[in-house]
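Let's take a walk through this protein together, one region at a time. Have the sequence and the model open beside you as you read.

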Amino acid sequence: MRADGRKVREGLSAIERAIPYIMPKRVDAQNYVTEYVDEEAIRGYIREVRRVKGVRLSRMAVLIAAYYLSARRHPYINRFVVNSRIYQRNHFCVSFVMLKSDTNGKGIQTTVKVFLEPGDNVFTINEKISALIEENSRPVNQNNTDKFAAFMFSIPLLPKLVLGLARLLDHFGLLPRFVIDLSPFHTSMFITNLASIQTSSIYHHIYACVLIGTL
């Protein structure tokens, strides 16, 4: 049993079991779809919550909450495939990239990961995201993912060795949970918010997750 999920043994048809063997690579299974959402409905909801409850909700928190509710109702959304086996993830987390300033005031990227619980709703999700962004926005603060990456790339050849070992352990379901928690790519959802660069949604890389571009 993997640290981040259990193998799905029941409820799969023969073709569902066969697909990971027929299409073993992520690029084989890559699918693109474009969905348009009435943003005015979201804006209206955000304005109403701010007027009635005095709470400032972000669009990203609303979208994440909507996806999380869907995943709670349809758990198969939170599945992933490793070594041609289908697993049900035993937690729900969201990864995203944010900008922060270094000690020289230069903007740099960092990846953060928020873990959600069964009782979370749009308000608690909004609080968790805001707290995570605030904590990681400090120039002197490095999250564990940044610290691990900085150490790994400080020694020549170490990245290939570490990542090669991680891929091997992940392939056989032996990757420790603390490494999975550090990895932004082991996630239920990877959301890309492109509002800061004023562009439309893009067809992004496919990880073991769902990718969403927002305006």
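Is Arg2 buried or exposed? Arg2 is buried, because its relative accessible area is 4% and the cut-off for burial is under 20%. Keep in mind as you look at it that this is a predicted model.

Arg2 also has a charged partner. Side chains of opposite charge can pair when their charged atoms come close. Here the partner is Asp170, which forms a salt bridge with Arg2, with 2.7 Å between the closest N and O atoms. The pair ties together distant parts of the chain: Arg2 sits in the segment before S1, Asp170 belongs to helix H6 (residues 158–171), and 168 residues separate them. Asp170 counts as buried too, because its relative accessibility is 14%.

The structure holds 8 salt bridges, and two others are worth a visit. One joins the side chains of Asp120 and Lys128, at 2.7 Å from N to O. Asp120 counts as buried at 15% relative accessibility, whereas Lys128, at 27%, counts as partly exposed. Coming back to Arg2 for a moment, salt bridges with shared partners join Arg2, Asp4 and Asp170 into one network.

The other salt bridge to visit is between Arg51 and Glu48, whose closest N and O atoms are 2.8 Å apart. Both residues lie in helix H2 (residues 39–53), and they are 3 residues apart, about one turn of the helix. Arg51 is exposed, with a relative accessible area of 63%, while Glu48 is partly exposed at 39%.

Now let's turn to the strands. Strands of a sheet pair through backbone hydrogen bonds, either parallel or antiparallel. In this model, 3 strands form an open sheet in the order S1-S3-S2, and the pairing is antiparallel. S1 and S2 stand at the edges with a single partner strand each, so one side of each has no neighbour in the sheet. On average, neighbouring strands of this sheet are turned by 35° against each other, direction ignored.

How many bridges pair strand S1 with S3? Strand S1 (residues 5–7) and S3 pair over 3 bridges in the antiparallel sense. You can trace this pairing residue by residue: Gly5 has Arg89 as its bridge partner in S3, and Lys7 stands opposite Tyr87 in S3.

On the other side of the pairing, strand S2 (residues 79–82) is joined to S3 by 4 bridges, and these two strands run antiparallel. One of the pairs to look for is Val82 with its bridge partner Arg85 in S3. S2 and S3 form a hairpin with 2 residues between them, and Asn83 in the turn has a positive phi of about 55°.

Why can S3 be called largely enclosed by the rest of the structure? The reason is that 4 of the 5 residues in strand S3 (residues 85–89) are buried.

Two residues outside the sheet help to show its surroundings. Pro20 is found in helix H1 (residues 14–22), and it is buried, with a relative accessible area of 6%. Apart from neighbours within four places in sequence, Pro20 is in contact with Val81, Ser84 and Ile86. Although Pro20 and Arg85 are 65 residues apart in sequence, their C-alpha atoms are 6.8 Å apart in space.

The second residue is Asn78, placed in the loop between helix H3 (59–73) and S2. Asn78 is buried as well, with a relative accessible area of 7%. Not counting residues up to four places away in sequence, Asn78 touches Tyr87, Gln88, Arg89, His91, Phe92 and Ser188. Two of these names are already familiar: Tyr87 stands opposite Lys7, and Arg89 is the bridge partner of Gly5.

Finally, how far can you trust what you see? The protein chain averages a pLDDT of 85, and 88% of the residues score at least 70. Confidence is highest in S1, at 95, and lowest in strand S7 (residues 211–214), at a mean of 41. Over residues 208–215 the pLDDT is below 50, yet this stretch has 36 contacts in the model beyond near neighbours in sequence. Where pLDDT is low, the predicted coordinates should not be read in detail.

Key
Residues are numbered from 1 along each chain as its sequence is written. This is a predicted model: local features need pLDDT of at least 70, side-chain atom pairs count only at pLDDT 80 or more; totals for chains, interfaces and linings use all residues. Side-chain values use heavy atoms; hydrogens and water are left out. Buried means under 20% relative accessible area, exposed over 50%, partly exposed in between (1.4 Å probe, protein chains only). Contact means heavy atoms within 4.5 Å. Two strands pair if DSSP finds at least two bridges between them. pLDDT is the predictor's confidence in each residue, from 0 to 100. A salt bridge is a side-chain nitrogen of Lys or Arg within 4 Å of a carboxyl oxygen of Asp or Glu. Axes are lines fitted to C-alpha atoms, for helices over the stretch in contact, and angles run from 0 to 180 degrees between N-to-C directions.
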